[in-house]
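User: I would like a close look at one part of this model, the internal cavity. Please keep the answer plain.

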Amino acid sequence: MAVLRAHHASPITVYRVARMDAAAADTTTGRNVRTAHATVARALTVSLDTVRRARRVLRDLGWSVETVRGRYMTTAERETATRETGSHQRRFASTRCLTIPARVRAMHPYPCGVKSSRKLPSRHVPSSRLRAAGTSTPETKKRPLTRRNPSVGVQRIAARLVQRMPWLDRAQGHLMGLSRGLAACGVTEEWTTQDLMNAVEADHQGLGLLSLPPDSQKNPRALLLHQIKRAITGQEPPARARQAAEDARRAARAAEVAQRAAEAKTKTTMPTWFRAELAKHTPPHQR
């Protein structure tokens, strides 16, 4: 109730907005909620600010997470949208995913899905000689495999790739699998989505390859990861070169300012008496 009062939102409105987001999300993962505030407001016949407040409540309560922030479209993207669909869209809506807060997962019957991980009793019966000697070896428990999640920066790169190529999220596996695949290829936070696409395109041009449509591949996500790994192997992130160039420009500018300051300190002004004498001996037409 404190969150509702803080955002001046009604519980009924928050519930209706949550139902709209659930209808727009993927049924298996709860991701890819890309409906704009205005679209939900028109469907529910409420104001735009009402939808904003309701989604802030869902965010603060942990039921919704914004993975990609909405932005204005570039001129080329607006022209493409107008030419292909005839729409006058000017912005990309934010991408959200629906989540289950940790505090209510215990109330969910299957918070992590159904897994047949219940350990069955062993059918191995030790021999009578081992039982009599008391040397029967207890069965060792296998430790579950743990995988480290990629950094947040790599997950953001994966989300932006999905935003540019939606078929990546329709491929097999969750979006976290794409993030782990990028990390395995050597992608770090120093890379950007555009840097990866430029590297793949340059690699294709260098090898004389043509880009294949995703629908023609059985596993297009694996093909893209293979292309990214081949393109960036042995390459430094372009962000390092950009940062080095920026540092060089700043150093050159600082050196120029220091040189001007040093010249200003050593520069002497002409004495007044010398200027007066010079004026006396200078012809009138040269003054």
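Which helix and strand each supply at least two residues of the lining of the largest cavity?

Analyst: The model is predicted, and what follows describes it as such. The elements asked about are strand β1 (64-68) and helix α7 (152-164), each of which gives the lining of the largest cavity at least two residues. Of these, α7 provides the largest share, namely three residues.

As for the cavity itself, searching the whole structure turns up one of 30 Å³ or more. The volume of the largest cavity is about 60 Å³. Its lining is made up of R31, N32, R34, T67, V68, T95, A159, V162, Q163 and L175. Sorted by class, four of the lining residues are nonpolar, four are polar and two are charged.

Two other places can be added for context. One is a nonpolar surface patch formed by W273, F274 and L278, which together have about 350 Å² of accessible area. Within this patch, F274 belongs to helix α13 (residues 272-281). F274 has a relative accessibility of 39%, so it counts as partly exposed, because that class lies between the 20% limit for buried and the 50% limit for exposed.

The other place is H8, in the loop that joins α1 (2-7) to α2 (11-24). H8 is exposed because its relative accessible area is 65%, and exposed means over 50%. In sequence H8 and R53 are 45 residues apart, while their C-alpha atoms are 7.2 Å apart in space.

How values were computed:
Residues are numbered from 1 along each chain as its sequence is written. This is a predicted model: local features need pLDDT of at least 70, side-chain atom pairs count only at pLDDT 80 or more; totals for chains, interfaces and linings use all residues. Side-chain values use heavy atoms; hydrogens and water are left out. Helices (H or I, at least four residues) and strands (E, at least two) are DSSP runs, numbered from the N terminus. Buried means under 20% relative accessible area, exposed over 50%, partly exposed in between (1.4 Å probe, protein chains only). On a 1 Å grid over the protein atoms alone, a cavity is a set of points where a 1.4 Å probe fits but cannot get out, and a pocket is an open set with protein on both sides within 12 Å along at least five of seven lines; lining residues have an atom within 4 Å of a point. Grid points are joined across faces, edges and corners, and a volume is the space filled by probe spheres set on the points. Ala, Val, Leu, Ile, Met, Phe, Trp, Tyr, Cys and Pro count as nonpolar, Asp, Glu, Lys and Arg as charged, and the others, Gly among them, as polar. Patches are made of residues with over 30% relative accessible area and no salt bridge: like charges are joined within 9 Å, nonpolar side chains (Val, Leu, Ile, Met, Phe, Trp, Tyr) within 5 Å. Accessible areas come from the Shrake-Rupley method with a 1.4 Å probe; for residues, only the protein chains shown count as cover. A salt bridge is a side-chain nitrogen of Lys or Arg within 4 Å of a carboxyl oxygen of Asp or Glu.
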